[in-house]
Amino acid sequence: MLVAADKFKGSLTAVQVARAVTAGLRRVVPDVEVEALPVADGGDGTVDAAVAAGFERREVRVAGPLGHEVTAAFALHGDTAVVEMAEASGLQRLPAGVLAPLTASTYGSGELLRAALDAGARILVFGVGGSATTDGGAGMLRALGARFLDAEGEPVAPGGGGLAALARADLSGLDPRLASVELVLASDVDNPLTGPKGAPAVYGPQKGASPDDVAALDAALAHYAKVLEEAVGDRAARYAVAPGAGAAGGIGYGALLLGARFRPGIEVMLEVLGFAPALERATLVITGEGSLDEQTLHGKAPAGVAAAARAAGKEVVAVCGRLTLTPEALARAGIGRAYPLTETEPDVSRCIAEAGPILERVAERIAHDHLR
């Protein structure tokens, strides 16, 4: 039995999901062998998943999205580091009730990457998602040695809004170690930097951007890419329209400029976490996340787990808080059956507040259905 589920956002971490499922299964079949492998797709929770799989947690003080210092973590195993941009620049790093779509910066994410380099990492898995920022990765690049100057030769203001005043970009001072490491951009979105499907238009409103803010950010990021083209050549324009450039407020674009290779986040994380050997040992796979919906089918963790399990001929069921997918859609994704918390407890507010105990009861049902 392999439990490979993502977090229930706002209720349970992936580690807590695995514990609750395991407890419920063992209540029915006390001697069942359960292997827990919490998973993530590159967004928030990615470092925790790596630590649960045996990576060492390393904490550093870095700049939060508004410049205030925060304690952020990355995960290290041998020469491989898992760096999660949300640890430094995520929405959860903003003060309560504060959104800053024009001024939030990814500077702290660059500091995290630098800390991983200082720790000896030669392979950097850079998970992006859950950002508070829409600065095209400019803050991250600054932390790694780039300069972004206005017409007076002064640094432009932090955040995507400040890029409207950009006159000159200088990437010659980037940390030279970046040239000799493997940088993997792990994301579950493939948006370009700008335009109707770009970072400001699609994700800006989630970060508090008004329609006017979205227009200003889109124009600022387009200008930013143009100035970078003058600094580093045609690749700046190519990367702006490449899949993943718009990930996490455009930090994907900054990562591509650093030479990153874009890969689906769950695909990368399953490799890093050692999913293949765990899958080989399993007879049944339990995956899941907070909401199994249409987004799940587009690169989210449960879809990646189910696809790999189906390819290996393993049966898959899923747990979730909320289910909006039809049985046919689940079957196409490789999931035989889904068990939402709402089937056990119809009150949604209780499902959120008491997700752990309710999930244990759901796991008891799975044990009755599949283990007896």
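**Exercise 1. Helix H12 and the residue after it**

Find the residue just after H12 that takes a positive phi, then work out which residues of H12 are buried and what they pack against.

Solution.
Step 1. Go to the end of H12 in this predicted model. Just after the helix, Gly313 takes a positive phi of about 75°.
Step 2. Step back into H12, which covers residues 301-311. Apply the cut-off: buried means under 20% relative accessible area. Ala301, Pro302, Ala303, Gly304, Val305, Ala306 and Ala309 are buried.
Step 3. Look for the partners of these buried residues. Three helices take part: H10 (265-273), H11 (275-281) and H13 (327-333). Strands E11 and E12 also pack against the buried residues of H12.

**Exercise 2. The five-stranded sheet**

Give the strand order of the open sheet of five strands, name its edge strands, and place helix H16 on it.

Solution.
Step 1. Read across the sheet. The order is E2-E1-E11-E12-E13, and the pairing is parallel.
Step 2. Find the strands that pair on one side only. They are E2 (35-36) and E13 (337-340), the edge strands.
Step 3. Check one pair in detail. E12 spans residues 315-323 and joins E13 through four bridges, in the parallel sense. Take Val319: its bridge partner in E13 is Tyr339.
Step 4. Add the helix. H16 (residues 355-370) packs on the sheet and touches E11 (284-292), E12 and E13. The direction of H16 makes about 150° with that of E13.

**Exercise 3. The six-stranded sheet**

Describe the open sheet of six strands, then say which strands helices H4 and H9 lie across.

Solution.
Step 1. Write down the order: E3-E4-E5-E6-E9-E10, with mixed pairing.
Step 2. Mark the edges. E3 (56-63) and E10 (261-264) each pair on one side only.
Step 3. Note the turn. With direction ignored, neighbouring strands of this sheet are turned by 30° against each other on average.
Step 4. Inspect E6 and E9. E6 (residues 123-127) and E9 (residues 182-187) run parallel, joined by five bridges. Gly127 has Ala186 in E9 as its bridge partner.
Step 5. Place H4. This helix (residues 107-118) lies across E3, E4 (69-77), E5 (80-84), E6 and E9. H4 runs at about 140° to E3.
Step 6. Place H9. This helix (residues 247-257) lies across E6, E9 and E10. H9 runs at about 160° to E9.

**Exercise 4. The largest pocket**

State the volume of the largest pocket and describe its lining.

Solution.
Step 1. The volume is about 1,100 Å³.
Step 2. The lining holds 36 residues. Nearest the centre lie Asp188, Val189, Tyr203, Gln295 and Lys300.
Step 3. Assign elements. H6 (199-203), E10 and E11 are the elements that give two or more residues to the lining. E11 gives the most, with three residues.
Step 4. Sort the lining by class: nine nonpolar, 15 polar and 12 charged residues.

**Exercise 5. The second largest pocket**

Do the same for the second largest pocket.

Solution.
Step 1. Its volume is about 310 Å³.
Step 2. The lining holds 16 residues, with Thr13, Asp44, Gly45, Asp48 and Glu84 nearest the centre.
Step 3. H1 (14-28) and H2 (46-52) each supply at least two lining residues.
Step 4. By class, the lining has four nonpolar, four polar and eight charged residues.

Key. Residues numbered from 1 in each chain as written. Predicted model: local features only at pLDDT ≥ 70, side-chain atom pairs only at ≥ 80, totals over all residues. Heavy atoms only, no water. Pairing = 2+ DSSP bridges. Contact = heavy atoms within 4.5 Å. Axes fitted to C-alpha atoms, helices over the stretch in contact; angles between N-to-C directions. Buried < 20%, exposed > 50% of the residue type's maximum accessible area, 1.4 Å probe, protein only. 1 Å grid on protein atoms, 1.4 Å probe; cavity = no way out; pocket = protein on both sides within 12 Å on 5 of 7 lines; lining within 4 Å. Points joined across faces, edges and corners; volume = space filled by probe spheres on them. Nonpolar A, V, L, I, M, F, W, Y, C, P; charged D, E, K, R; others polar.
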